[in-house]
Amino acid sequence: MYVLRPAALTDLPQIEAIAAKSAVGITSLPANRERLHEKIDNACRALAREVTAPAEENYFFVLENIDTNKIVGTCGMVAYAGFHDRFYSYRNEVIVHASRELKVSNKIHALHLCHDLTGYSLLTSFYIAPDLAGGDLPQLLSRARLLFLAEHRHRFADKLVAENPGVCDAKGRSAFWDAVGRRFFDMEYPQAERLSGGSSKTFIAELMPQYPIYLPLLPEAAQKVIGKVSDSGTLPFSILLAEGFETEPYVDIFDAGLTVQARVDTLRSIRGQQRLTVVKQVDEHAAACWTIIANTKTEQFRAVLCPLQMDQSGVCLDEKIAATLGVTVGDAVRVVDLNPLTGTGAAW
């Protein structure tokens with residue numbers, strides 16, 4: 001069995017190993033021990049803090065095999081993107097240039113530096129071990145945090161945003177960065193990414209051009225990767241699409257990877273989840289469906305993926321699942337079908 005839970009400082013060595021394996025472009029998983037320690041410590045403090053509205057809190061979770069105590073995945077959320085500094089993106093817009101005299105009208109795409117998404121809550125830090133990427137655990141990893149959000153709505157904004165890593169070559173070079181960012185910074189893309197470290201991008205935005213960037217003026221290689229998602233980001237991106245995230249019109253200011261956004265109340269996991277009561281032990285002869293289930297706690301938040309029995313009065317849990325979640329009869333839980341589109345355990 002695998003459980004999603006808040007990260008602890010004792011997890012640092014395993015998380016450090018995961019960060020070293022994560023793809024270029026996942027700036028929220030910096031391969032830096034000091035920054036990871038700070039990230040985990042801040043997340044622990046956020047969970048312990050009394051919160052009335054989203055602010056500087058970040059939440060960081062790990063997916064753990066409870067039989068081996070091995071961490072196989074991570075995910076996170078930032079309560080307020082750009083709380084200390086504005087959250088920068090490029091907005092991809094169409095500009096019309098027309099001349100009545102010449103009877104010419106051209107529609108040209110241009111990137112505008114903006115901070116439209118400041119104040120949204122931000123999904124971050126998605127990673128899962130490659131050998132587990134083909135099953136249903138990525139859904140647990142991505143969607144269980146939404147059950148935490150559903151239980152603690154006051155900690156988050158009404159809108160969510162997620163940045164997806166853009167396309168890079170085998171050496172970690174970004175064609176977009178080389179065409180735009182590198183002209184203003186004398187550094188390679190991986191170095192700029194490490195400097196950001198998943199925190200503020202203000203230092204990048206301050207030196208980037210403030211005027212629209214007309215795409216026809218960029219090299220063809222840079223144009224081709226704008227709004228694209230790297231191979232390593234395809235899996236979490238597909239889950240976000242199935243949730244109902246919108247894919248336009250924003251891209252990342254580093255590598256032009258696609259940035260997606262959504263209203264919390266429109267997401268399938270939010271609309272499909274229920275808050276129910278644990279009523280009794282499991283009935284071995286009753287039917288069960290695969291479900292993501294989470295407790296309603298904060299610092300002791302836990303979520304698992306399991307076959308679940310429900311009736312009109314609530315949910316039925318066996319001893320092992322109840323113990324893993326830290327719940328007993330009478331406690332509340334949040335549940336959502338593994339696949340809200342079909343009600344089965346098939347991947348989205």
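In strand 13, A303 is the residue that serves as the bridge partner of A294, and this pairing offers a way into a model that is predicted rather than determined by experiment. The protein contains 10 helices and 15 strands, and of its 348 residues 51% count as buried.

**Strand 12 and its neighbours**

- Strand 12 covers residues 289-295, and because five of its seven residues are buried, this strand is largely enclosed by the rest of the structure.
- Strand 12 pairs with strand 13, which spans residues 303-311, in the antiparallel sense and over six bridges.
- Strand 12 also pairs with strand 15, made up of residues 332-337, again in the antiparallel sense but here over five bridges.
- A294 takes part in both pairings, since its bridge partner in strand 13 is A303, while its bridge partner in strand 15 is R334.

**Aromatic rings**

- A pair of aromatic rings is described by two quantities, namely the distance of the centres and the angle of the planes.
- The count of aromatic pairs in this model comes to nine.
- One of them joins Y59 and F148, whose ring centres lie 5.6 Å apart with the planes at 55 degrees, so this pair is tilted.
- The pair of Y59 and F148 links distant parts of the chain, with Y59 in strand 2 (residues 58-65) and F148 in helix 3 (residues 137-151), 89 residues apart.
- Y59 counts as buried because its relative accessibility is 2%, and F148 counts as buried at a relative accessibility of 0%.
- Y90 and F176 form an aromatic pair that is edge-to-face, with 6.1 Å from centre to centre and 75 degrees between the planes.
- Y90 lies in strand 4 (residues 89-99) and F176 lies in helix 4 (residues 175-179), so the pair ties together parts that are 86 residues apart in sequence.
- Both Y90 and F176 are buried.
- Ring pairs also link Y59, F61, F148, F156 and F301 into a cluster.

**A charge over a ring**

- The charged end of K39 sits over the ring of F60, at 4.9 Å from the centre of that ring.

**The protein as a whole**

- Among the contacts between residues at least 6 apart in sequence, 71% join residues that are at least 24 apart.
- The protein exposes about 16,300 Å², and carbon and sulfur atoms supply 49% of this area.

Note on methods
Residues numbered from 1 in each chain as written. Predicted model: local features only at pLDDT ≥ 70, side-chain atom pairs only at ≥ 80, totals over all residues. Heavy atoms only, no water. Buried < 20%, exposed > 50% of the residue type's maximum accessible area, 1.4 Å probe, protein only. Helix = DSSP H or I, 4+ residues; strand = E, 2+ residues; numbered from the N terminus. Pairing = 2+ DSSP bridges. Phe/Tyr/Trp six-rings, centres within 6.5 Å; stacked < 30°, edge-to-face > 60°. Lys NZ or Arg CZ within 6 Å of the ring centre and 35° of its normal. Contact = heavy atoms within 4.5 Å. Areas by Shrake-Rupley, 256 points an atom, 1.4 Å probe, with all protein chains shown as cover.
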